[in-house]
Amino acid sequence: MTYVPHYPTAFLERVEIPGRSRILIRPVIPQDADEFRLFVRILSGDSRRNRFHSTLTEIPETLLRALTNVDHNKHVALVAKAVDESGVIIIGEARFAREEEDSPAEIAIAVADRWRRKGIGTLLLHRLEISARRRGVEEMFGSVLAENVALIHLAFQTGFKLHTGDTTYGVVKMYKKFS
Ligand SMILES: CC(C)(COP(=O)(O)OP(=O)(O)OC[C@H]1O[C@@H](n2cnc3c(N)ncnc32)[C@H](O)[C@@H]1OP(=O)(O)O)[C@@H](O)C(=O)NCCC(=O)NCCS
């Protein structure tokens with residue numbers, strides 16, 4: 001793998017997924033850009049809307065660069081990779097970003113449609129939380145479309161709370177404070 005300064009090797013992990021091959025979870029690097037572009041392309045329209053709150057079909061290059069060039073401190077991103085008939089592909093991502101080191105960290109997560117309900121979302125969120133705690137994050141939060149049942153269930157299962165009654169343009173805030 002290409003040398004990346006401050007690359008958190010502790011988060012490199014191979015995991016067995018029930019009924020599927022093994023997957024690799026690791027922090028993103030800039031060289032993942034092509035695979036990440038493909039990952040966004042193969043997400044269903046609904047999944048892209050839930051992930052990006054937009055109807056984009058192709059990820060803009062500036063956004064692609066921002067999502068694959070992270071500092072592994074204020075912006076931490078994990079990708080899950082697997083091998084399918086076309087070779088190595090990205091099948092999931094989870095990230096947090098915060099403005100300042102003492103700011104709450106905003107999360108985002110997505111798993112490729114055909115890899116859902118295998119526990120990959122839960123796993124990524126768990127590893128992201130460990131990474132956040134190690135970096136001194138005190139609160140993680142996310143903005144979820146109110147109809148995004150999958151994420152709301154996942155959020156509840158992993159200890160997030162919802163800001164009830166605070167739905168702006170169909171977006172609900174979820175949050176988890178570490179004590
Ligand atoms: C939300 C998402 C990441 C879940 O990924 P996943 O790998 O399927 O999640 P898991 O397999 O770990 O599921 C964990 C729990 O979430 C809930 N869940 C997941 N998908 C669900 C669905 N379609 N309907 C209802 N609950 C669902 C279940 O409670 C599930 O536990 P169970 O399988 O034991 O019942 C995935 O659906 C996704 O990528 N959605 C599109 C992108 C998105 O919505 N991102 C969030 C905004 S940033």
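This passage describes the overall fold, the nonpolar cores, the ligand shell and a few individual residues of a predicted model.

The protein chain contains five helices and eight strands. Read from the N terminus, these elements follow the order β-β-α-α-α-β-β-β-α-β-α-β-β. The C-alpha trace extends over about 45 × 35 × 35 Å along its principal axes. For 179 residues, a compact globule would be expected to have a radius of gyration near 16 Å, and the chain agrees with this, at 16 Å. Of the 179 residues, 29% are buried. Long-range pairs are well represented: among contacts between residues at least 6 apart in sequence, 59% join residues at least 24 apart.

Helix α1, residues 33-42, offers a convenient way into the interior. Its residues Phe36, Phe39 and Val40 are buried. Viewed down the helix axis, the buried residues of α1 fall within an arc of 95 degrees, so they line one face of the helix. This fits the general geometry of an α-helix, in which 3.6 residues make a turn, so residues three or four places apart point the same way. Asp34 and Arg41, on the other side of α1, are exposed. The cover over the buried residues of α1 includes α2, α3 (61-68) and β4 (87-97).

The largest nonpolar core comprises 31 residues, and those with the most contacts inside it are Ala77, Ala80, Ala94, Phe96, Ile107, Leu124 and Leu128. At least two residues of this core come from each of α1, β3 (75-84), β4, β5 and α4. The greatest contribution is that of α4, with six residues. A second core, separate from this one, has six residues, including Val144, Leu151, Val172 and Met174. Within the larger core, Phe96 is a helpful residue to inspect. Beyond its neighbours within four places in sequence, Phe96 is in contact with Val76, Ala105, Glu106, Ile107, Leu128, Ala132, Val137 and Met140.

Turning to the ligand, 23 residues surround it, of which Asn50, Arg116, Gly121, Thr122 and Ala150 come nearest. Five elements each supply at least two residues of the shell: α2 (45-52), β5 (105-111), α4 (120-134), β6 (139-145) and α5 (149-157). Helix α5 gives the most, with six residues. In terms of residue class, ten members of the shell are nonpolar, nine are polar and four are charged.

Strand β6 also holds Glu139. With 14 other C-beta atoms within 10 Å, Glu139 is partly exposed. Glu139 and Lys176 lie 37 residues apart along the chain, yet their C-alpha atoms are separated by 5.6 Å. Apart from neighbours within four places in sequence, the contacts of Glu139 are Pro104, Tyr175, Lys176, Lys177 and Phe178.

Two loop residues may also interest a reader who checks backbone angles. His72, in the loop between α3 and β3, has a positive phi of about 60 degrees although it is not a glycine. His72 counts as partly exposed, with 18 C-beta neighbours inside 10 Å. Arg117, which sits in the loop between β5 and α4, likewise has a positive phi, near 60 degrees, in a residue other than glycine. Arg117 is exposed, with 8 other C-beta atoms within 10 Å.

Technical notes: Residues numbered from 1 in each chain as written. Predicted model: local features only at pLDDT ≥ 70, side-chain atom pairs only at ≥ 80, totals over all residues. Near = placed C-beta within 6 Å. Helix = DSSP H or I, 4+ residues; strand = E, 2+ residues; numbered from the N terminus. Nonpolar A, V, L, I, M, F, W, Y, C, P; charged D, E, K, R; others polar. Rg over C-alpha atoms; globule rule 2.2 N^0.38 Å. Buried ≥ 20, exposed ≤ 12 C-beta atoms within 10 Å, placed from the backbone. Contact = placed C-beta atoms within 7 Å. Arc of directions from axis to C-beta. Core = buried A, V, L, I, M, F, W, Y, C linked by C-beta atoms within 7 Å.
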